[in-house]
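Reader: Before we turn to particulars, could you take me through the charged pairs and the helix packing, with the reasoning behind each assignment?

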Amino acid sequence: MTEEMKNASREAPKAIVLSVYIGAITGFIFLISISFCIGDITETAETTTGSPLIEIFFNSTNSVVGTCFLSSMLVVIVLIAANALLAEGSRSVYAFARDRGLPFSDLLAKVEPKRQVPVYSILLTCVVQMALNSIYFGTLTGFNTVISIATEGFYLSYAMPLLVRIIAYFTNYAKEIPGAYTLGRWSVWVNAVGLLFLLFTSITFNFPTLNPVDEENMNYTSAAIGIIGLISIVTWFTTGRKSFTGPQVGKMDLVEGVAGSMDSRSHENVATTEKAKF
């Protein structure tokens, strides 16, 4: 995902960490402001607007125009976030398809010559995104399950490299991994703490939020994660293990309609590394 970045080993971690800091600071300020403006909790929760946040805006401004303006700002933020998720998702689909890790990889990895974008990957991601959002119109429980799946998916994707790193350390496969940033001897223990936290949160995301539990308030995240895992396993054994080899570092694919490139400086670095090995 960072192959187009210059000096990715330094800039990618900085971007990840800064996004967390910025989100934490701005989110904390927003939540504190909203908490001081809630008013009557019961009235806010049972508002006829259908959204407690809109009710808070109205109680704070006593103006329909002001409430509409503040709510519109949230809509703009949601649209921008949706566009960013579309870009991120389509880029992931394209990257996996380019490395032949998905069904119909040849189609999904095609890049439109004029605009230089993977049109089919974008269209597929857009359709899936619209389908998942449409669940909200049918069932709130289903939509909450989708949100939980997304969050747990992120956490599991964070946990897997930490687990691999810990296994590599204790099996003496790789005591140290060179990089732009390092925690030295504390690295493996910090990874262990992070792994335990991620596993704990991943388990709690599968718990129902109400008691007693019925078909309306049941948390179906575990079932959905199981289905996704089953599909992944079937895909791996049917097509993935035969064709997927992972990112091709330092190679240029010039297949018609398929992009796989890196800048010349990266080629020089890889070439220098290969010469050094011999």
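**Salt bridges and a helix crossing**

Author: Glutamate 11 has a relative accessible area of 31%, and therefore counts as partly exposed. This value, like those that follow, is computed from a predicted model.

Reader: With which residue does the side chain of glutamate 11 meet in a salt bridge?

Author: The nitrogen-to-oxygen distance of this pair is 3.7 Å, which falls within the 4 Å that a salt bridge requires. Both partners belong to helix α1 (residues 8-36), where they lie 3 residues apart, about one turn of the helix. The partner is partly exposed, with a relative accessibility of 37%, and the residue asked for is lysine 14.

Reader: Is arginine 98, which forms a salt bridge with aspartate 99, buried or exposed?

Author: The closest N and O atoms of arginine 98 and aspartate 99 are 3.4 Å apart. Aspartate 99 has a relative accessible area of 9%, so that this residue is assigned as buried. For arginine 98 the relative accessible area is 12%, and because the cut-off lies at 20%, the assignment for arginine 98 is likewise buried.

Reader: What is the N to O distance in the salt bridge between aspartate 106 and arginine 100?

Author: Both residues are partly exposed, aspartate 106 with a relative accessible area of 45% and arginine 100 at 39% relative accessibility. Their side chains meet in one of the 3 salt bridges that the structure holds. The N to O distance between them is 2.5 Å.

Reader: Turning to the packing, why is helix α4 described as oblique to helix α6?

Author: The axes of α4 (residues 64-98) and α6 (residues 119-138) come within 8 Å of each other and cross at roughly 125°. Because that angle lies neither in the range of 65 to 115 degrees, which counts as roughly perpendicular, nor over 145, which counts as roughly antiparallel, the relation of α4 to α6 is oblique.

Reader: What is the handedness of the crossing in which α4 passes α6, and how many residues of the contact are charged?

Author: The crossing of α4 past α6 is right-handed. On the α4 side the contact is made by Ala82, Leu85, Leu86, Gly89, Ser90, Val93 and Tyr94, and on the α6 side by Ser121, Ile122, Leu124, Thr125, Cys126 and Gln129. These residues divide into 8 nonpolar and 5 polar, and the number of charged ones is none.

How values were computed
Residues are numbered from 1 along each chain as its sequence is written. This is a predicted model: local features need pLDDT of at least 70, side-chain atom pairs count only at pLDDT 80 or more; totals for chains, interfaces and linings use all residues. Side-chain values use heavy atoms; hydrogens and water are left out. Axes are lines fitted to C-alpha atoms, for helices over the stretch in contact, and angles run from 0 to 180 degrees between N-to-C directions. Helices (H or I, at least four residues) and strands (E, at least two) are DSSP runs, numbered from the N terminus. Angles under 35 degrees count as roughly parallel, over 145 as roughly antiparallel, 65 to 115 as roughly perpendicular and the rest as oblique. A crossing is left-handed if the near helix is turned anticlockwise from the far one by less than a right angle, and right-handed if clockwise. Contact means heavy atoms within 4.5 Å. Ala, Val, Leu, Ile, Met, Phe, Trp, Tyr, Cys and Pro count as nonpolar, Asp, Glu, Lys and Arg as charged, and the others, Gly among them, as polar. Buried means under 20% relative accessible area, exposed over 50%, partly exposed in between (1.4 Å probe, protein chains only).
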